[in-house]
Amino acid sequence: MIDFQNVLDEIHNDLKLEKERGLIATYIPELKKQSNTSFGIYLNTISGENFYVGDWNLKFSIQSISKVLALSKAITFENKNIWKRVDVEPSGNPFNQLSLLELENGIPRNPLINTGAIVIADILVTHLKNPKEDFLNYVRHISGDQSINYNLEVAASEQKTGFNNYAAANLLKSYNNLNNDVDIVLDFYFHQCALEMNCKQLSNAFYLFANKGKCLNNNQHLTSSQVKRINAIMLTCGFYDEAGEFAFEVGLPGKSGVGGGIVALLPNDFVIVTWSPGLNPKGNSLIGMQALEKFTTKTNRSIF
Ligand code: DON
């Protein structure tokens with residue numbers, strides 16, 4: 001039996017005083033308020049145990065991690081039709097890169113880069129009656145936690161400065177790959193990214209991806225085939241132009257966000273969340289990636 005608490009404590013001790021902690025994202029001004037020394041880990045096993053260390057209970061902006069939750073909801077509405085509008089190939093490019101979209105006639109490479117996530121947001125805006133409210137309720141439901149909310153300051157901050165995403169949405173519209181108004185879709189997308197959670201809440205939200213589509217409360221939200229596909233997309237596209245490196249170092253499907261969170265999971269086994277706001281040059285949490293590498297190495301648990 002592995003002593004998971006001991007493993008988390010060791011990793012936390014090894015990394016908490018590390019000087020090289022990466023840079024906090026500043027392109028969304030509200031994220032500048034974070035402290036570079038925050039560091040938490042939460043582990044949730046499918047057998048029902050939890051282990052945690054550090055700042056696991058502080059809330060942070062989940063940002064791009066929300067793209068997986070949005071995809072999981074969109075799949076329940078459109079299933080295979082989604083893949084006519086978004087591809088499933090790694091982009092090998094940064095999350096906010098636009099030029100590939102033009103080369104590939106308005107079909108984003110995958111649903112986890114910004115252009116692809118904006119198409120998914122468009123699908124949700126089409127299908128949900130009250131998109132922001134209904135999506136929030138979905139996230140609360142799968143997490144079993146009614147206290148989860150959007151951080152409205154973060155959403156407004158990105159709305160004011162999100163010129164790249166406005167360009168992305170307009171480009172998608174010019175290729176007829178956006179059915180709703182640019183402003184409406186981006187308002188939804190900025191709120192989705194501004195969901196605020198702590199490591200525990202995020203780990204609970206992702207439990208269904210490690211549990212063949214059944215959430216913590218035992219409700220079946222996705223089929224195991226849909227979960228297989230979402231996990232495959234996380235593995236190949238979850239870290240943008242660092243997806244290969246994450247698979248190489250950590251060996252798990254996962255997703256990062258510019259708030260410094262990372263969620264990773266081993267199907268049928270566990271979900272683990274790390275949060276450390278400093279990012280590496282590819283926009284992924286520097287300490288979080290190191291912590292997860294140590295975790296899968298020390299516990300000898302990965303998909304490989
Ligand atoms: O659209 C954006 O740029 C942000 N709302 C999300 C980007 C993000 O988290 C990229 N992930 N590492």
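The residues that line the largest pocket of this predicted model divide into 9 nonpolar, 4 polar and 2 charged. The space in that pocket amounts to about 200 Å³, and of its 15 lining residues Phe95, Asn280, Pro281, Lys282 and Gly283 are the closest to the centre. The second largest pocket holds about 170 Å³ of space and is lined by 13 residues, with Glu30, Lys33, Gln34, Lys59 and Glu196 lying nearest its centre. The classes in this second lining are 4 nonpolar, 5 polar and 4 charged residues.

Glu196, one of the residues nearest the centre of the second largest pocket, leads on to a sheet, since it is a residue of strand 5 that stands opposite asparagine 149. Strand 5 covers residues 195-197 and runs antiparallel to strand 4, to which it is joined by 2 bridges. Together with strand 3 these strands make an open sheet of 3 strands in the order 3-5-4, with antiparallel pairing. Strand 3 (60-61) and strand 4 (149-150) each have a single partner strand and stand at the edges, so one side of each is left without a neighbour in the sheet.

A further set of strand pairings centres on strand 8, residues 270-275, where 6 of the 6 residues are buried. In a regular strand the side chains alternate between the two faces of the sheet. In strand 8 both faces are covered, with Phe270, Ile272 and Thr274 buried on one side and Val271, Val273 and Trp275 buried on the other. Strand 1 (residues 40-45) runs antiparallel to strand 8 and is joined to it by 6 bridges, and within this pairing glycine 40 stands opposite tryptophan 275. Strand 7 (residues 261-266) also pairs with strand 8 in the antiparallel sense, again over 6 bridges, and here valine 271 is the bridge partner of leucine 265. The hairpin of strand 7 and strand 8 has 3 residues between the strands, and in this hairpin asparagine 268 takes a positive phi near 65°.

Two other asparagines with positive phi are found in loops between helices. Asparagine 79, although it is not a glycine, has a positive phi of about 45°, and it follows helix 2 in the loop that leads to helix 3 (82-85). With a relative accessible area of 36%, asparagine 79 is partly exposed. Asparagine 176, which is likewise not a glycine, has a positive phi of about 55° and is found in the loop between helix 8 (163-174) and helix 9 (182-193). The relative accessible area of asparagine 176 is 68%, which places this residue in the exposed class.

Helix 2 itself, residues 66-78, has 13 residues and reaches 18 Å from its first C-alpha to its last, close to the 18 Å expected at 1.5 Å a residue. Because 10 of its 13 residues are buried, helix 2 is largely enclosed by the rest of the structure. The buried residues of helix 2 are Ser66, Lys67, Val68, Leu69, Ala70, Leu71, Ser72, Lys73, Ala74 and Ile75. Helix 1, residues 4-16, also has 13 residues and a reach of 18 Å, close to the 18 Å expected. The buried residues of helix 1 are Phe4, Val7, Leu8, Ile11, His12 and Leu15. Seen down the axis of helix 1, these buried residues fall within an arc of 130°, so they line one face of the helix.

The interior also leaves some space unfilled. Rolling a probe the size of a water molecule over the atoms shows where empty space is left. A search of the whole structure finds 2 cavities of 30 Å³ or more. The largest cavity holds about 60 Å³ of space, and its lining comprises Ser91, Asn93, Pro94, Gln97, Leu100, Leu101, Glu104, Ile107, Pro108, Arg109, Ile113 and Thr115. By class, that lining has 6 nonpolar, 4 polar and 2 charged residues. The second largest cavity has a volume of about 50 Å³ and is lined by Tyr27, Gln63, Ser64, Phe95, Asn114, Glu158, Asn165, Tyr189, Cys193 and Val258, which divide into 5 nonpolar, 4 polar and 1 charged. Phe95 links this account back to its beginning, as it lines the second largest cavity and is also among the residues closest to the centre of the largest pocket.

Definitions and conventions:
Residues numbered from 1 in each chain as written. Predicted model: local features only at pLDDT ≥ 70, side-chain atom pairs only at ≥ 80, totals over all residues. Heavy atoms only, no water. Pairing = 2+ DSSP bridges. Helix = DSSP H or I, 4+ residues; strand = E, 2+ residues; numbered from the N terminus. 1 Å grid on protein atoms, 1.4 Å probe; cavity = no way out; pocket = protein on both sides within 12 Å on 5 of 7 lines; lining within 4 Å. Points joined across faces, edges and corners; volume = space filled by probe spheres on them. Nonpolar A, V, L, I, M, F, W, Y, C, P; charged D, E, K, R; others polar. Expected span 1.5 Å × (residues − 1). Buried < 20%, exposed > 50% of the residue type's maximum accessible area, 1.4 Å probe, protein only. Arc of directions from axis to C-beta.
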